[in-house]
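Colleague: I have just opened this one and could use some help finding my way around. Could you walk me through it?

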Amino acid sequence: PEGVDPSGDALPSLHDQIEVVGWGRFQVTVLIAFVLFVVSEAMEVTVPNVLWAEIKGGSVFGPAVEGHSATWRAIVTGAPMLGNLCGAVFGGALADTHGRHAAIHLHSALFVAASLASGLSQDESSFVASREVLGVSLGILLPLVLSYMAELAPAGQRARAV
């Protein structure tokens, strides 16, 4: 049976093995990779705020439009957050049914496509839609990062890792 060696003794679980190995170079490397991944996505989400003067001034989507008010800015900057909520729900279900590996691949494909679409947008509606998809990809990733870090860290280090 599974979890038993040929002599009949119970094999240690994955969590027992992680406890024995402790917090090492592998966990630190994974943590750094995930932190860089999340930071790069956070930077991507802040792009509209950094470029707001250009968007509002009209050099991005043609002549200046009166509709580029505080409401428009809220829509542009809030679109990824709404997508984030949808992505977290959808991504969790995807990871449960098809595995975290597939969910990370979907996230990566969506992130690259949405970033390119955002950068190549020719009008406001396509810009907002691409930002929404970007938020979905971020929503898929964040729960996966937390679950991976909780799983890979020894029990005494989980709170710090997550």
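**A first walk through the helices**

Modeller: Let us begin at one residue and work outwards, keeping in mind that this is a predicted model. The residue S115 is found in helix α5.

Colleague: Is S115 buried or exposed?

Modeller: S115 is buried, because its relative accessible area is 19% and buried means under 20%.

Colleague: And how far is S115 from R131 in space?

Modeller: From C-alpha to C-alpha, S115 and R131 are 7.9 Å apart, while in sequence they are 16 residues apart.

Colleague: What about the helices there, at what angle do α5 and α6 cross?

Modeller: Helix α5 covers residues 100–119 and helix α6 covers residues 124–152, and their axes cross at roughly 150°, coming within 8 Å. Since angles over 145 degrees count as roughly antiparallel, α5 and α6 are therefore roughly antiparallel to each other.

Colleague: Which hand does the crossing of α5 and α6 have?

Modeller: The crossing of α5 and α6 is left-handed.

Colleague: Let me step back a bit. How many helices and strands does the protein have?

Modeller: The protein has seven helices and zero strands, so that, read from the N terminus on, its elements run α-α-α-α-α-α-α.

Colleague: And how much of it is buried?

Modeller: Of the 162 residues in the protein, 31% are buried.

Colleague: Back to R131, then. How far is it from I75?

Modeller: The C-alpha atoms of I75 and R131 are separated by 10.0 Å, and the two residues are 56 residues apart along the chain. I75 has its place in helix α4, which spans residues 70–98.

Colleague: How accessible is I75?

Modeller: I75 has a relative accessible area of 43%, and for that reason it is partly exposed, a class that lies between the cut-offs of 20% and 50%.

Colleague: Now something else: which helix does V145 lie in?

Modeller: V145 lies in helix α6, and at 10% relative accessibility V145 counts as buried.

Colleague: Which residue is it paired with at 110 residues along the chain?

Modeller: That residue is V35, whose C-alpha atom is separated from that of V145 by 8.7 Å. V35 lies in helix α2, and with a relative accessible area of 42% V35 is partly exposed, whereas V145 is buried.

Colleague: So what can you say about how α2 and α6 pack?

Modeller: The axes of α2 and α6 are 10 Å apart, and the two helices pack at an angle of about 160°. That angle makes α2 roughly antiparallel to α6, and α2 passes α6 in a left-handed crossing.

Colleague: One last topic, the surface. Which residues make the nonpolar patch?

Modeller: The nonpolar surface patch is made by W23, V28, I32 and L36, and its area is about 350 Å².

Colleague: Where is I32 found?

Modeller: I32 is found in helix α2, which runs over residues 25–50. At 48% relative accessibility, I32 counts as partly exposed, because exposed would require over 50%.

Colleague: Good, could you pull the α6 part together for me?

Modeller: Certainly. Helix α6 is roughly antiparallel to α5 and roughly antiparallel to α2 as well. The crossing with α5 is left-handed, and α2 likewise passes α6 in a left-handed crossing.

Note on methods
Residues numbered from 1 in each chain as written. Predicted model: local features only at pLDDT ≥ 70, side-chain atom pairs only at ≥ 80, totals over all residues. Heavy atoms only, no water. Patch = residues over 30% accessible without salt bridge, like charges linked within 9 Å, V, L, I, M, F, W, Y side chains within 5 Å. Areas by Shrake-Rupley, 256 points an atom, 1.4 Å probe, with all protein chains shown as cover. Salt bridge = Lys/Arg side-chain N within 4 Å of Asp/Glu carboxyl O. Helix = DSSP H or I, 4+ residues; strand = E, 2+ residues; numbered from the N terminus. Buried < 20%, exposed > 50% of the residue type's maximum accessible area, 1.4 Å probe, protein only. Axes fitted to C-alpha atoms, helices over the stretch in contact; angles between N-to-C directions. Parallel < 35°, antiparallel > 145°, perpendicular 65-115°, else oblique. Left-handed = near helix turned anticlockwise from the far one by under 90°.
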